[in-house]
Amino acid sequence: MDVSSLFVSILSPMVLAFVLGIVAARLKSDLKFPDSLYQSLTIFLLIAIGLKGGYKLSLASFDEFYKPALAAIALCSSIPIWVYFIFKKLGKFDTYNAAALAAHYGSVSAVTFSAALAFHDNLGISYEGFMPSLLAIMEIPAILIALALVRLNAPNAEDKVPMKAVAHELLSGKSTLLLVGFLIIGFASGKTGWEQVSPLFDVPFKGVLTLFLLEAGLVAGRKLSDLKTAGFFLLGFGIIMPILHSILGIYLGKWAGLSLGGATILGILSASASYIAAPAACRIALPQASPSYYLTAALAITFPFNITVGIPLYRSFAQYIFQ
Amino acid sequence: MSPLKLVTIIAADSLENHIVKDIQSLGAKGYTISYVEGKGEKELRNSAWEGENVKIISIVSAEVCDKILAHLEKTYFEKYPMVAFSTDVMVVRSNHFL
């Protein structure tokens, strides 16, 4: 692995803020983000990602975009299926927990995505501007597929998941609404529109991401104590599977004609686990599943791994694959 | 002053819309919501990210109160983190609630 890119990743203010958050939580510091700040930061990040992605999408041609979009759909609809069976058969998890984990690992993390963009920008590596559209594509399908797996395998009829209601909640939920809504707004308003709002959404993006990662560190730090109950299987899965998923994502990205930077980001998306949309959906649709598995795996294992070691590692995989 | 029942429901915030819809359809005329944190037998719930709790209170007749509690017990208690109870209250302007 390229050591200098590892340092760029680890020594960025975002990652260091995340580490500080973990330290603060372990020290039982009184540092706590007001709930409304967490909500505001999430809203800001989703709007910023959507707007810029929509504007860049307006610059891309359909021919450039449709293959990467197909690759994204293939990834997010196949990953949850094998994740489910790995947890069910190899990990001996029950249907609900296996499905919840499949939803988390099949869906994607907007914050890991943002960290990946920041990493590429810091190193001056170019990537396709429409990548946020792929983020939007990959957010929901995996969650619905995981819930459908429960529906097929639920032990009794009363435990069936109300798919229609859940689909409505997912699509009207703030993360999809803002991401898709602002992709459309960015697309429709184009360059002139983007220039009007970029002072608020472009330059401050990394600063806001730093704040968000401090909060993510606080939550991850609190979840670390759940690692004991999570067990070695989850720990191993949370690190090994993202690596395998990233390789798959990079290969598909290359097949779809993405640049080295773009394919790396698709790899990072495949490797990431959702911890905003998926937990919200699981709390309501799979109450039998335990957050001390799914939230711990996504937030305390996979997310820290991805933003520190993972992103530069996946970049070096991509360099190798593109050679 | 007339005697009525105050129903208090504390549950995961993800259930907020469902509960509100349910209690209104069972006859509650209004409700008040606050966001709270705490710990029950399942898990500590103290941030918007990990999920916080919502406290829904509503003043209703004894009959509606029984209906609401029975409905919650049947629909949610087994699967979701939830606490619900009722207390006797004396209200002015009781027609407001009936």
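Q: A nonpolar core is a set of buried Ala, Val, Leu, Ile, Met, Phe, Trp, Tyr and Cys residues joined through C-beta atoms within 7 Å. With that in hand, how many residues does the largest nonpolar core have, and which have the most contacts inside it?
A: This is a predicted model, and its largest nonpolar core has 116 residues. A:A99 and A:I143 are the ones with the most contacts inside that core. Helix α15 (residues 291-322) of chain A supplies the largest share, 15 residues. There is also a second, separate core of 19 residues, and B:I23, B:L26, B:I59 and B:V60 are among them. As background, nonpolar side chains tend to be buried together in soluble globular proteins.

Q: What does A:I143 touch, leaving out residues up to four places away in sequence?
A: Two residues are in contact if their C-beta atoms lie within 7 Å. On that basis A:I143 touches A:A103, A:S107, A:L170, A:A277, A:A278 and A:A281.

Q: Which residues of α8(A) are buried, and what covers them?
A: The cut-off for buried is 20 or more other C-beta atoms within 10 Å. In α8(A), A:A142, A:I143, A:L144, A:I145, A:A146, A:L147, A:L149 and A:V150 are buried. Their cover includes α4 (62-90), α5 (95-106), α9 (163-172) and α14 (277-285) of chain A.

Q: How do you know what span to expect for α8(A), and what does the helix reach?
A: The expected span is 1.5 Å times one less than the number of residues. Helix α8 (residues 141-153) of chain A has 13 residues, and from first C-alpha to last it reaches 18 Å, close to the 18 Å expected. Do the same for α4(A), with its 29 residues, and you get 41 Å, close to the 42 Å expected.

Q: Why are α5(A) and α14(A) described by the direction word they get, parallel or antiparallel?
A: Two packed helices are described by the angle between their axes and the distance between the axes. For α5(A) and α14(A) the angle is about 155 degrees and the axes are 9 Å apart. Angles over 145 degrees count as roughly antiparallel, so α5(A) and α14(A) are roughly antiparallel to each other. The crossing of this pair is right-handed. At the meeting point, A:A100, A:A103 and A:H104 in α5(A) face A:A278, A:A281 and A:C282 in α14(A).

Q: What makes α4(A) parallel or antiparallel to α12(A)?
A: The axes of α4(A) and helix α12 (residues 227-255) of chain A come within 10 Å and cross at roughly 155 degrees. Set that against the 145-degree cut-off, and α4(A) is therefore roughly antiparallel to α12(A). Here too the crossing is right-handed. From α4(A) come A:P68, A:A71, A:A74, A:L75, A:I79 and A:V83, which meet α12(A) residues including A:M241, A:H245, A:L248 and A:W255.

Q: Where do the buried residues of α4(A) pack?
A: They pack against α5, α7 (131-139), α8, α12 and α13 (260-271) of chain A. The buried residues include A:P68, A:A71, A:L75, A:C76, A:I79 and A:F87.

Q: Why is A:V180 called buried, exposed or partly exposed?
A: Buried needs 20 or more neighbours and exposed needs 12 or fewer, with partly exposed in between. A:V180 has 19 C-beta neighbours inside 10 Å, so this residue counts as partly exposed. A:V180 lies in helix α10 (residues 174-201) of chain A. Its C-alpha is 25 Å from that of A:P242, which sits 62 residues apart along the chain.

Q: How do you know whether A:K92 is buried or exposed?
A: Just count: A:K92 has 9 C-beta neighbours inside 10 Å. The limit for exposed is 12 or fewer, so A:K92 counts as exposed. A:K92 lies in the loop between α4 and α5 of chain A, and has a positive phi of about 60 degrees although it is not a glycine.

Q: What makes B:R93 buried or exposed?
A: With 8 other C-beta atoms within 10 Å, B:R93 falls under the 12-or-fewer rule and is therefore exposed. B:R93 is in the segment after β6 (82-91) of chain B. Its phi is positive, about 55 degrees, although B:R93 is not a glycine.

Q: What pattern does chain B follow along its sequence?
A: Chain B runs β-α-β-β-β-β-α-β, with two helices and six strands. Of its 98 residues, 26% count as buried. Among contacts in chain B with a separation of 6 or more, 75% are between residues 24 or more positions apart.

Definitions and conventions:
Residues are numbered from 1 along each chain as its sequence is written. Chains are lettered from A and ligands numbered from 1 in the order in which they are written. This is a predicted model: local features need pLDDT of at least 70, side-chain atom pairs count only at pLDDT 80 or more; totals for chains, interfaces and linings use all residues. Helices (H or I, at least four residues) and strands (E, at least two) are DSSP runs, numbered from the N terminus. Axes are lines fitted to C-alpha atoms, for helices over the stretch in contact, and angles run from 0 to 180 degrees between N-to-C directions. Angles under 35 degrees count as roughly parallel, over 145 as roughly antiparallel, 65 to 115 as roughly perpendicular and the rest as oblique. A crossing is left-handed if the near helix is turned anticlockwise from the far one by less than a right angle, and right-handed if clockwise.
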